[in-house]
Amino acid sequence: MTTPPSPTVAPANGRLGVLTVGLGAVASTLIAGVELVKRGVSLPVGSLTQMGNIRLGKRTDKRSPLIKDFVPIATLDDIVFGAWDPFPDDAYVAATRAGVLEGGKHIEAISEALRDVRPMPAAFDREYVKRIDADNTMHTINKRDMLNAIRVDINRFREDKQVDRVVMLWAASTEIFIEPGPAHMSLDAFEAAIDANDHTIAPSMLYAYAAILEGVPFANGAPNLTVDIPALRDLAVEKKVPISGKDFKTGQTLIKTVIGPMLRARMLGLSGWYSTNILGNRDGEVLDDPDNFKTKEESKLGVLEHILDPVTFPDLYGDVYHKVRINYYPPRGDNKEGWDNIDLFGWLGYPMQLKIDFLCRDSILAAPLALDLVLFSDLAQRAGLSGIQEWLSFYYKAPMVAPGLHAEHDLFVQQSKLENTLRWMMGEDQITHLGREYYDEI
Ligand SMILES: NC(=O)c1ccc[n+]([C@@H]2O[C@H](COP(=O)([O-])OP(=O)(O)OC[C@H]3O[C@@H](n4cnc5c(N)ncnc54)[C@H](O)[C@@H]3O)[C@@H](O)[C@H]2O)c1
């Protein structure tokens with residue numbers, strides 16, 4: 001297989017507008033974090049674009065620049081935020097409410113910048129998120145009207161904030177489970193379904209459609225179907241717009257996609273994997289509704305099946321009991337606890353157990369992913385890439401891939417894919433780790 005020619009990447013001139021759908025815990029932690037990093041108050045820990053480096057050439061070349069020095073990504077100083085949310089809270093109130101960041105240290109210091117981000121009325125329909133009851137909405141659930149209003153908002157934001165490029169990120173609540181159906185299969189069917197107010201057209205699809213029509217890259221941080229439907233995937237290619245999703249891979253699934261490949265790499269068997277979570281933020285409250293949890297459950301359950309490949313290895317993985325639970329437990333707020341009990345077996349079938357208890361912080365893990373996705377989606381557009389950006393699978397629980405392909409879930413395969421894409425974009429050699437050159441030359 002030959003590598004296609006590297007693209008020409010346009011420079012990141014001018015300002016980058018970032019529109020978040022949802023101004024809740026993740027979005028407010030992202031916005032506050034960018035402001036704090038810009039001022040030198042905190043470090044962008046967890047962000048590959050800000051802290052990571054990339055090896056180029058041979059190991060002996062000792063060339064490992066920072067990613068942000070290697071590829072022309074936008075600087076944090078050039079980012080301007082905007083948002084939609086059915087709650088009228090500005091980013092200052094949203095960050096305070098979310099309870100993720102320490103007020104005195106991390107909110108008050110940047111209060112002016114946070115006050116500046118006031119949510120536009122949302123394209124919101126309670127049918128898709130029953131647990132949210134708020135009034136800063138477009139006051140219509142007519143789908144055509146919502147679509148048109150989102151497009152107007154994008155263009156007004158462009159003009160008001162004088163931004164040169166825009167990226168849209170879904171950081172809003174997880175919508176109810178929707179299976180791909182006839183309305184999603186072609187643009188004509190999708191258009192007709194909008195006019196018919198078909199219930200399989202969720203608000204998130206209208207945001208994504210509006211983004212693509214306006215030439216705005218779209219990244220989906222939640223497990224909703226949203227942009228992962230033929231009609232929008234095809235349109236994104238036609239309009240030369242990068243799209244990616246679904247569902248930030250932050251806590252338990254991040255761990256699953258590291259431990260799972262380890263078991264498979266060593267041919268260790270698995271009989272059961274029980275995952276449970278307690279969390280008490282608004283996301284947890286939304287996911288307490290069975291219809292919304294179903295969307296998240298599908299996203300979380302998929303990974304093991306693909307990593308372990310029970311069809312090829314029935315003796316090792318043919319009878320795995322995999323269970324995922326999320327329990328809403330208000331006292332914990334955003335500080336989620338995720339337990340994993342893993343029943344594995346080794347040589348001659350002898351059983352063993354592995355227990356993991358991750359006392360994590362949901363939005364602290366998600367914010368750097370959101371930042372990277374925004375910056376890389378913008379980079380992809382300037383590199384002329386369009387449609388599904390599979391190289392961003394690294395960030396997602398349920399990565400979008402071309403029809404007929406299975407997704408790569410192994411975190412380190414995803415990392416290699418991401419790094420090789422950056423090398424390819426910049427005309428550098430791919431790194432295959434074959435390494436014969438170090439020995440053949442001797
Ligand atoms: N570690 C993580 O935090 C993590 C990991 C993976 C996925 N996610 C997903 O990211 C999303 C955001 O998480 P969060 O903790 O910030 O949740 P949150 O509840 O704090 O914020 C979501 C916001 O979206 C708003 N919203 C709902 N529907 C909307 C619509 N149609 N338009 C505009 N705004 C809308 C809500 O009012 C709310 O303020 C959730 O879907 C969550 O499942 C989070």
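Here's a quick tour of two packed helices and the sheet they sit on. Keep in mind that this is a predicted model. The two helices are H7, residues 143-161, and H9, residues 203-213. The sheet is an open one with 6 strands.

**How the two helices meet**

- Two packed helices are described by the angle between their axes and the distance between the axes.
- For H7 and H9, that angle is about 45 degrees, and the axes are 9 Å apart.
- That angle is why H7 counts as oblique to H9.
- As for handedness, H7 and H9 cross in a right-handed way.
- On the H7 side, the contact is made by Lys 143, Met 146, Leu 147, Ile 150, Arg 151 and Ile 154.
- Facing them from H9 are Pro 203, Leu 206, Tyr 207, Tyr 209, Ala 210 and Leu 213.
- Sort the residues of this H7-H9 contact by type and you get 10 nonpolar, 2 charged and no polar ones.

**The sheet**

- Reading across, the strands go E2-E1-E3-E4-E5-E10, and the pairing is parallel.
- E2 (79-84) and E10 (387-388) are the edge strands; each has a single partner, so one side of each has no neighbour in the sheet.
- Further in, E3 (residues 165-170) pairs with E4 (residues 218-220) in the parallel sense, over 3 bridges.
- Within this pairing, Met 168 sits opposite Phe 218 in E4.

**Helices on the sheet**

- H7 lies across E1 (16-21), E2 and E3, and runs at about 140 degrees to E1.
- H9 packs on the sheet too, touching E1, E3 and E4.
- The direction of H9 makes about 165 degrees with that of E3.

Definitions and conventions:
Residues are numbered from 1 along each chain as its sequence is written. This is a predicted model: local features need pLDDT of at least 70, side-chain atom pairs count only at pLDDT 80 or more; totals for chains, interfaces and linings use all residues. Axes are lines fitted to C-alpha atoms, for helices over the stretch in contact, and angles run from 0 to 180 degrees between N-to-C directions. Helices (H or I, at least four residues) and strands (E, at least two) are DSSP runs, numbered from the N terminus. Angles under 35 degrees count as roughly parallel, over 145 as roughly antiparallel, 65 to 115 as roughly perpendicular and the rest as oblique. A crossing is left-handed if the near helix is turned anticlockwise from the far one by less than a right angle, and right-handed if clockwise. Two residues are in contact if their C-beta atoms, placed from the backbone, lie within 7 Å. Ala, Val, Leu, Ile, Met, Phe, Trp, Tyr, Cys and Pro count as nonpolar, Asp, Glu, Lys and Arg as charged, and the others, Gly among them, as polar. Two strands pair if DSSP finds at least two bridges between them.
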